[in-house]
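I opened this notebook to look up how aromatic rings pair in one structure. The entries below follow the order of my queries.

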Amino acid sequence: MALQLGDEAPDFTADSTEGEIHFHEYLGDGWGVLFSHPADFTPVCTTELGRVAALKPEFDKRNTRVVGLSVDGLTDHATWSDDIEEVTGHRLNFPLVADPEHKVADLYGMIHPNASDTTTVRSVFVIGPDRKVKLTITYPAATGRDFGEILRVIDSLQLTAQHKVATPADWRQGEDVIITTAVTDDEAKERFPGYETVKPYLRKTPQPQ
C-alpha cells in the first residue's frame, strides 16, 4: 500500500556515495527530503542532482537533509558524479543511495509497474522531525522536478507546524497567511492582532515570525 500523509517514513540502512547511512539517524532531529531517480546516466536526473547540489545551502538553512536514490550501484554513482559536476558545475554534496535490489524503492513504493517494472518514478517525500511523511509528489520519468517549489512547500510545512495558520495559493515566504478555521475570532484577536476578515471563513494575517 502506498505511503500516505501522516504515515511513518520507513527507516532503512543502505550504501550511498557518502558511506552507509541509517536513514532516521542521518536525518537527526531535522527535516528530510528523499527523492528517487529512474537510473544513473540519464539526462533529466543529471540536471536534477546538480540543481539540488546548488540548492543545498537553502536546504541547510531549513534544517533539512536531502537524500537521493537510484536503483544503480555505487560504481556507477561515482562515475556519474563526475558527469554531474561537468554538466551542471556542481558536484554531489549529499548522499545518493545505491538501491540495485530495489529494497528502499519497494519500501517507499517508488516503482510503479504501469510506468516501468524496473526503474523508479520521480518520487519526492518530505519527512518531518517526527519521522512522519508530510508531503509526497510523484513525477513521471520524463518530467524534471521544480526544487524551488519543494523548498516553498518546506517553508509552508515548517510555518504551519509552528503556528495556527495555512498558506494560500502561490504563497511565498514573507507573504500574508490564512488563520485556520479552528481558531475562534476571540483567539485570533489575541494571536493575530489586526487580522483581516475577507469572509467569515477566510481571515488573513501577516506571516508570523
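The entries concern aromatic pairs, their burial and one charge over a ring.

Entry 1. I note at the outset that the model is predicted. I searched for aromatic pairs and found that the structure holds seven.

Entry 2. I took up the rings of phenylalanine 12 and tyrosine 108. Their centres are 6.2 Å apart and their planes stand at 90 degrees, so I recorded the pair as edge-to-face, given that over 60 degrees counts as such. I then looked up where the partners lie. Phenylalanine 12 is in the segment before β1 (13-14), and tyrosine 108 is in the loop between α4 (103-107) and β6 (122-127); the pair therefore ties together parts that are 96 residues apart in sequence. I checked accessibility as well: phenylalanine 12 and tyrosine 108 are both buried.

Entry 3. I turned to phenylalanine 41 and tryptophan 80. With ring centres 6.3 Å apart and planes at 45 degrees, this pair is tilted. Phenylalanine 41 belongs to the loop between β3 (31-37) and α2 (43-61), whereas tryptophan 80 sits in helix α3 (residues 74-88), so parts that are 39 residues apart in sequence are tied together. For burial, I noted that phenylalanine 41 counts as partly exposed at 39% relative accessibility, while tryptophan 80 is buried with a relative accessible area of 1%.

Entry 4. I asked which residues form an aromatic cluster with Phe12 and Tyr108. Phe23 and Phe125 join Phe12 and Tyr108 in one cluster.

Entry 5. Lastly, I looked up a charge over a ring. Arginine 65 lies over the face of tyrosine 26, at 4.3 Å from the ring centre.

How values were computed:
Residues numbered from 1 in each chain as written. Predicted model: local features only at pLDDT ≥ 70, side-chain atom pairs only at ≥ 80, totals over all residues. Heavy atoms only, no water. Phe/Tyr/Trp six-rings, centres within 6.5 Å; stacked < 30°, edge-to-face > 60°. Helix = DSSP H or I, 4+ residues; strand = E, 2+ residues; numbered from the N terminus. Buried < 20%, exposed > 50% of the residue type's maximum accessible area, 1.4 Å probe, protein only. Lys NZ or Arg CZ within 6 Å of the ring centre and 35° of its normal.
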